[in-house]
Amino acid sequence: MEGGFVKNKSETERLYKQLVKRFVRWANTRSDIRGAIIVGSRARVDHPADEWADLDVIVITMDPEYYLATNDWLENIGSPLLTFVEPTAAGDEMERRVLFEGMLDVDFSIIPKEKVQQLVQVGIPPQIKAQIANVFGRGMFVLLDKDGTIAQLQGFISATEMSTHRRPSQQKFLEVVNDFIYHSVWTTIKLCRGELWTAKECSDAYMKRLLLQMIEWHASAIRGWNYDTWFKGRFLEEWADPMVLKGLQNSFAQYNEEDIKRGLLATIDLFRRTAMETAERLGYSYPIEADECVTEWVRKRLSEK
């Protein structure tokens, strides 16, 4: 290892394994830590870890605040270069992200034990079944299970459907479409005001998230609702329709006014094609009049700018 960087995949694997061993040895001395699980690519068979994969560890503890409010405990595991706290991907708990020496990227999701117990005793609420499937259903490796709670939880997880998306209702479909069309106007107004940062953020972040939702529905409407579209755009190049992949090539913009205009119009065109095909597959109505009216207004305003 030179300059803090890992040389190759085998060396990376060795360092991660050492880090996991140190974590398990230390966690066994902590009475408040009742379980720990590796999830993500380092626990998956499908799309397993490569040399760039991070390490995702779920820590089940009776004292979550300690691990979120302090970072001295990290010295028991490795040599941290930096660390910070952020919400988990699901947004319902917090996690401590750590960059250890050697550029080892470790994500400790800190989960209260009482929450896991509630899942075991009450069951998994329908609204979070997809989240559970995305986090655990693709693979998990148990590091610690002091109370047998994780073993019980695994029974619930194995019974959870891995389908990442349900067929949307007509109302839900229109909510996404109307949200997108509305923000076409909103972004155009920001461009006309010269607010490039805000306009680009909306076009290439907020509107792209709506586009991704439609791309997922589009793929499932064509391939079936058990078709695996992963989550948050993971491996999109493998499961999205070729028409979508081609359209995405031109939909992101550089940070200048003319290219943001171009990227916005390309995004609008791609969303319309994807949404209209999805609506046809689902037998849903599509607000074509509103779409055409808004798009004409957007094109006119942008041409005048």
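This report looks at the overall make-up, the sheet and one surface patch of a predicted protein model.

**Overall make-up**

The protein has eleven helices and six strands. Some whole-protein values follow.

| Property of the protein | Value |
|---|---|
| Residues that count as buried, of 305 residues | 48% |
| Contacts joining residues at least 24 apart, among those between residues at least 6 apart in sequence | 66% |
| Exposed area | about 15800 Å² |
| Part of the exposed area supplied by carbon and sulfur atoms | 52% |

**The sheet**

Six strands form an open sheet. Their order is S3-S4-S5-S2-S1-S6, and the pairing is mixed. Which strands stand at the edges? They are S3, residues 80–87, and S6, residues 141–145. Each has a single partner strand, so one side of each lacks a neighbour in the sheet. From one strand to the next, the twist averages 20°.

Now take the S6 edge. Strand S1 covers residues 33–39. S1 and S6 run antiparallel, and four bridges join them. Ala36 stands opposite Leu144 in S6.

**A nonpolar patch**

The other edge strand, S3, holds Leu82. Is Leu82 buried, partly exposed or exposed? Its relative accessibility is 43%. Buried means under 20% and exposed means over 50%, so Leu82 counts as partly exposed.

Leu82 also belongs to a nonpolar patch on the surface. Its partners there are Leu81, Phe84 and Met103. Together, the four residues have about 360 Å² of accessible area.

Notes
Residues are numbered from 1 along each chain as its sequence is written. This is a predicted model: local features need pLDDT of at least 70, side-chain atom pairs count only at pLDDT 80 or more; totals for chains, interfaces and linings use all residues. Side-chain values use heavy atoms; hydrogens and water are left out. Helices (H or I, at least four residues) and strands (E, at least two) are DSSP runs, numbered from the N terminus. Buried means under 20% relative accessible area, exposed over 50%, partly exposed in between (1.4 Å probe, protein chains only). Contact means heavy atoms within 4.5 Å. Accessible areas come from the Shrake-Rupley method with a 1.4 Å probe; for residues, only the protein chains shown count as cover. Two strands pair if DSSP finds at least two bridges between them. Axes are lines fitted to C-alpha atoms, for helices over the stretch in contact, and angles run from 0 to 180 degrees between N-to-C directions. Patches are made of residues with over 30% relative accessible area and no salt bridge: like charges are joined within 9 Å, nonpolar side chains (Val, Leu, Ile, Met, Phe, Trp, Tyr) within 5 Å. A salt bridge is a side-chain nitrogen of Lys or Arg within 4 Å of a carboxyl oxygen of Asp or Glu.
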